[in-house]
Amino acid sequence: MDTKASIDMEKAAKILKLLGDKTRLSMIKLLQTNECCVGELVEIYKASQPAISQHLRKLKDIGLVKEKRKGQWIFYSINQTHEQYDFLVSILDSFPTQDNHLIELEKQGLRISCC
């Protein structure tokens, strides 16, 4: 058995449990290819700031999401150095892109750019 390709069942179960929530699944798919701040995610998911922050905290707690400060903003993205990153990507690649949410935000003038 190839131990490098195998994943610990306990870790896989934690990841799959977190991704069992539709909002978190969509959110992490979006963060796979984009950096977003809480305000953008609030607009996209039509949820409260505390609810979005709670989703992000759960994803951050197991290391799937990382944050980066840019000026006054904190941007979130998928953590490509996570030990289970390949497993996560194998799941996420089964789902359609969520980039349409960001395109809609840009059309509304609500996409945050710190540059």
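This is a short walk through one protein chain, from its confidence scores to its core, its cysteines and its salt bridges.

Hi everyone, thanks for coming. Before anything else, please keep in mind that this is a predicted model. How confident is the predictor along the chain? The average pLDDT is 89, and 91% of the residues score at least 70. Taking the chain apart by element, confidence is highest in helix α4, residues 49–61, with a mean of 97. At the other end, helix α6, residues 99–107, has the lowest value, a mean of 86. As a general caution, where pLDDT is low, the coordinates should not be read in detail.

Let's go to helix α2, which covers residues 22–33. Of its 12 residues, 9 are buried, so the rest of the structure largely encloses this helix. The buried ones are R24, L25, S26, M27, I28, K29, L30, L31 and Q32. You'll notice that charged and polar names such as R24, K29 and Q32 are on that list alongside the leucines. At the start of the helix, have a look at D21: one of its side-chain oxygens comes to within 3.0 Å of the backbone nitrogen of T23.

Two residues of α2 will come up again now, because we are moving to the core. In soluble globular proteins, nonpolar side chains tend to be buried together. Here the largest nonpolar core has 28 residues. Which of them touch the most other members? They are M27, I28, L41, I52, L56 and L88. As for where the core comes from, the elements giving two or more residues are α1 (9–19), α2, α3 (38–45), α4, β3 (73–78), α5 (85–92) and α6.

If you want one residue to click on, try L41. Setting aside neighbours within four places in sequence, L41 is in contact with M27, L30, C36, K46, I52 and L56. So from L41 you can step to M27, I52 and L56, which are themselves among the residues touching the most core members.

C36 brings us to the cysteines, and I know somebody will ask about disulfides. How many does the structure hold? The count is 0. C36 is in no disulfide, and the nearest cysteine sulfur, in C37, lies 7.3 Å away. That distance is too far for a bond. Are these two cysteines buried or exposed? C36 has 0% relative accessibility, so it counts as buried, and C37, at 2%, is buried as well.

Last stop: salt bridges. There are 6 in the whole structure, and I'll show you some of them. E83 pairs with K11, with the closest N and O atoms 2.9 Å apart. E83 sits in the loop between β3 and α5 while K11 is in helix α1, so this pair ties together parts 72 residues apart in sequence. E83 is exposed, at 56% relative accessible area, whereas K11 is partly exposed, at 34%.

Next, E35 bridges to K68 with a closest N–O distance of 3.0 Å. This pair links distant parts too: E35 is in the loop between α2 and β1 (36–37), and K68 is in strand β2, residues 65–70, which puts them 33 residues apart. Both ends are partly exposed, E35 at 23% and K68 at 41%. E35 and K68 also belong to a network of salt bridges with K70.

Finally, E67 and K60 form a salt bridge at 2.9 Å. E67 is partly exposed, at 41%, and so is K60, at 33%.

That's my tour, so over to you for questions.

Note on methods: Residues are numbered from 1 along each chain as its sequence is written. This is a predicted model: local features need pLDDT of at least 70, side-chain atom pairs count only at pLDDT 80 or more; totals for chains, interfaces and linings use all residues. Side-chain values use heavy atoms; hydrogens and water are left out. Buried means under 20% relative accessible area, exposed over 50%, partly exposed in between (1.4 Å probe, protein chains only). Helices (H or I, at least four residues) and strands (E, at least two) are DSSP runs, numbered from the N terminus. A polar contact is a pair of N or O atoms within 3.5 Å; within protein, one must be able to donate a hydrogen and the other to accept it, and residues adjacent in sequence count only if both atoms are side-chain atoms. pLDDT is the predictor's confidence in each residue, from 0 to 100. A disulfide is a pair of cysteine sulfur atoms within 2.5 Å. A nonpolar core is a set of buried Ala, Val, Leu, Ile, Met, Phe, Trp, Tyr and Cys residues joined through side-chain atoms within 4.5 Å. Contact means heavy atoms within 4.5 Å. A salt bridge is a side-chain nitrogen of Lys or Arg within 4 Å of a carboxyl oxygen of Asp or Glu.
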